[in-house]
Amino acid sequence: MSRYRAIALLPVMAALSGCNLVVLNPSGDVASQQGDLVVISTLLMLLIIVPVMALTVLFAWRYRQSNNTARYEPDWDHSTQLELVIWAAPLLIIICLGAITWVTTHKLDPYRPLDRIAADKPMPAGAAPLDVQVVALDWKWLFLYPEYGIASVNEMAAPVDRPIRFSITASSVMNSFYVPALAGQIYAMPGMETKLHAVINEPGSFKGFSANYSGAGFSHMRFTFLGLSDGDFGAWVNKVKAASDTMDRSRYLALEKPSEAVPVQYFGSTDPKLFKAAVERCVAPGSMCMGDMHAIDRAGGLNAGGLAAAEALLRASALTDRPAGSDATGLCTVAEAVDAAAPLAATTLAPISVRKAGTPAGALRPADL
């Protein structure tokens, strides 16, 4: 019977032998260091787990009921040597794990710029990272390349051995940006910008996805990461630039709507301020950016004095030309208000009593905003 079981397991063993454990065999230096950390931590813990499992089997066999030759010591209750082993071994392992965790937590901090390309490749002097702005949408990924003025959906590319600096945000709910072959996951959160520094060391096509459940279309929230040579990356950039679509604010608002299994899309030009607007949640016309809200709060908020100040600044901004697509009936941005109010503060606008945070009460001045 055992022979037939072994034969039956052969297909399973053959299938498992073809598995690609990408987390432990990645193509990026950051992911490789993280994989090494997993292996080292596992081996350290196995120093306790394996002996405990072996001794469990040994004790069960040695002190079985039918073994009349085993030592019988009903009054035994303490062994100093055994206590030292039981407590010292785990303590040493915990100290080692703590030291490794401390070092790697700082070394592999996703916000920390890379200091090497690979284990045997230090960072070249003056190497400029590739900036990629990432927006997690429902349920697709938008990639913006400010250096090239292009964008893509559900596909991104980067040159081999060139550091990548990701800026990551989300449009609605929290997601998690994760390319196992490249680096560990990092959260994409609305109203926030997270960072990730990584590098790909081998050419190829790799899978990326969201590692945080975000709704009905979560299972389709996947993208392709392409590691390309410099020449192939240049060709990819030219292919994207040839696309006729433009990733502007109106196109972003249309793409932002929930949709599943979205095909790869290319955009030959982009709005350079789109990512900042996505982070500050003011892509839609007439919406106020979070930075402007914070500035108003610092200037006293929209209480009695703050409302009067906002109305005065709005009157001042109404005298200036507004950008196309802006909402003339809403509050202008603080920068626009300051520029507009400066020449009128002494003649047109009467001083308004408002208290700025951290300053004594007095007349509102553009410099106070």
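These notes cover a sheet, a helix packed on it, and two annotated segments in a predicted model.

1. The sheet is open and has five strands, arranged in the order 6-12-11-8-9 with mixed pairing. Strand 6 (155-159) and strand 9 (183-188) are the edge strands, each of them pairing on one side only. From one strand to the next, the twist averages 20°.

2. Helix 4, residues 230-241, packs on this sheet and touches strand 6 and strand 12 (222-228). The direction of helix 4 makes about 145° with that of strand 6.

3. Strand 8 (residues 175-179) pairs with strand 11 (residues 204-210) in the antiparallel sense, over two bridges. For orientation in the model, Phe177 stands opposite Ser210 in strand 11.

4. Strand 8 also pairs with strand 9, in the antiparallel sense and over four bridges. Here Asn175 stands opposite Ala188 in strand 9. The two strands, 8 and 9, form a hairpin, with three residues between them.

5. Which residues does UniProt list for "transmembrane region"? The unreviewed entry gives 37-61 and 82-103. In the model, the chain over residues 37-61 is 100% helix and 0% strand, with its end C-alpha atoms 36 Å apart. Over residues 82-103 the chain is likewise 100% helix and 0% strand, and there the end C-alpha atoms lie 32 Å apart.

Definitions and conventions: Residues numbered from 1 in each chain as written. Predicted model: local features only at pLDDT ≥ 70, side-chain atom pairs only at ≥ 80, totals over all residues. Heavy atoms only, no water. Pairing = 2+ DSSP bridges. Axes fitted to C-alpha atoms, helices over the stretch in contact; angles between N-to-C directions. Contact = heavy atoms within 4.5 Å. UniProt positions renumbered as here; feature names shortened; annotations may be inferred.
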